[in-house]
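Colleague: Could you take me through one helix of this model in close detail? I'd like to know what it packs against.

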Amino acid sequence: MQIIMNSSEKALQGSQRLRYIKLCIFFSGLSVFAQLYLFQPMLPMAAEQFGVSVGDTSLLVSSSTIGMALGLLFFAFKADSYSRKNLMVFSLISSAILTIISTWIPSLSLLIAIGVLKGFVVSGVSAVALAYLTEEVSALAVPAAISMYLSGNTIGGMSGRIMATLFAGEFGWRNAVLLIGVESFILGAVFWKLFPESKFFNPQKTDYHLKVKQMKFFLTNPYMLRLYFTAALLMGVFVSVYNYLTFRLEAKPFSLSHFIIAFIFLMYIFGVFGTMIAGRLSRRFPMNNILKASILSMIIGAALLLSENIYILIFGLGLFTLSFFAAHTMASQMTALYAKRGKSSATSIYWLFYYFGSSILGSGTGYLLHAYSWNVFIGVLMISVIIALLLTTFNTTPKSRVKN
């Protein structure tokens, strides 16, 4: 059962405990997202090597996110049965081993299967990270701690894509996968050594009746449901752009090389700024207002991706990336802070929608791009973001939280 302690005993700003928490939670995000999307910039290479379509190669990315979604569904029920730290350590180490094993997998179908399994085991981090932070960190320091976690996600995604592209171009995709696997294993070992154990949570036997009751509440609560669908749409659109932008930049009128395209993923650094800006603004303005402004900015960024001027397109990508991470930071914080109890259930459902959106839109839009054009592809993505903006517009601040 939950241990009730004075909030003043939680990790405070400036304390050594909080510094270790922030450093390790950053490393966990770095590891997870470097592994999760490492194949994304190599999709054109995979399409050529395996002789399959754009949509088929996207399954290398979607398999991991489908595994994440399935794992999060499992951990929505079982996460509270395990030590927060032990679960995250297991997820980080086992996923790194699977990434390393992928180096020697010869077929596309087996790589996709490994991706599903890797996504499943690594989901243990996402299932409990936000719950851990809201349980263990003082209320004033929670936004900064969550921003640090999401910054790790962002930099992990960026570094994984850049390293994968550069190493695949120079040494082959297998060595690129090996590099990221070894890096992730080292990060997992550091996390194991330094990450503080929970003080405010003890593993408990799963009360399935309570879990179903909590999940039913969150899944029928209009406020939470709109947040969940917003997360699904925004993540699906974001992954779609980064999945297929390489194909766009390789083609006319841009005709860029793999080396140059690798550095396009430096745009992910704007995601770090988006996370930091949103975290700071949340101290002064209502979170839902920041979320709406971020989504509106994301629409503008997506529209600029229609340009055939490389500088306008890069600016649009930077704005689009910054806006997405600002929106994701707000939506995930609103989810974690809304649930007075049942935090792991609330956040697991959030990530479940998030990764199903990534999987479904991320692959579906690939077939759309293959059948039509880049302009039609971007048009559909913009409609999806507009729907997310409408959902957020209807989401007024709730008056009460779940009590069980």
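Modeller: Let's take helix 8, residues 173–194: at 1.5 Å a residue its 22 residues should span 32 Å, and the end C-alpha atoms are indeed 32 Å apart, so the two agree. (The expected span is 1.5 Å times one less than the number of residues; helices are DSSP runs of H or I, at least four residues, numbered from the N terminus, while strands are E runs of at least two.) Keep in mind that this is a predicted model, where local features need pLDDT of at least 70 and side-chain atom pairs count only at pLDDT 80 or more, while totals for chains, interfaces and linings use all residues. Residues are numbered from 1 along each chain as its sequence is written, and side-chain values use heavy atoms, with hydrogens and water left out.

Now for the sides of the helix. Trp173, Ala176, Val177, Ile180, Gly181, Ser184, Leu187, Gly188 and Phe191 are buried in helix 8. Looking down the axis of helix 8, you find these buried residues within an arc of 130°, so they line one face; the arc is taken from the directions from the helix axis to the C-beta atoms. On the other side of helix 8, Ile186 and Lys193 are exposed. (Buried is under 20% relative accessible area, exposed over 50%, partly exposed in between, with a 1.4 Å probe and protein chains only.)

As for what covers the buried residues of helix 8, the list includes helix 1 (16–36), helix 2 (43–50), helix 5 (84–102), helix 6 (108–136) and helix 7 (142–171). Contact here means heavy atoms within 4.5 Å.

For a buried residue elsewhere, try Gln333, which sits in helix 14. Gln333 counts as buried because its relative accessibility is 0%. Leaving out residues up to four places away in sequence, Gln333 touches Pro143, Ile146, Ser147, Ser282 and Met287.
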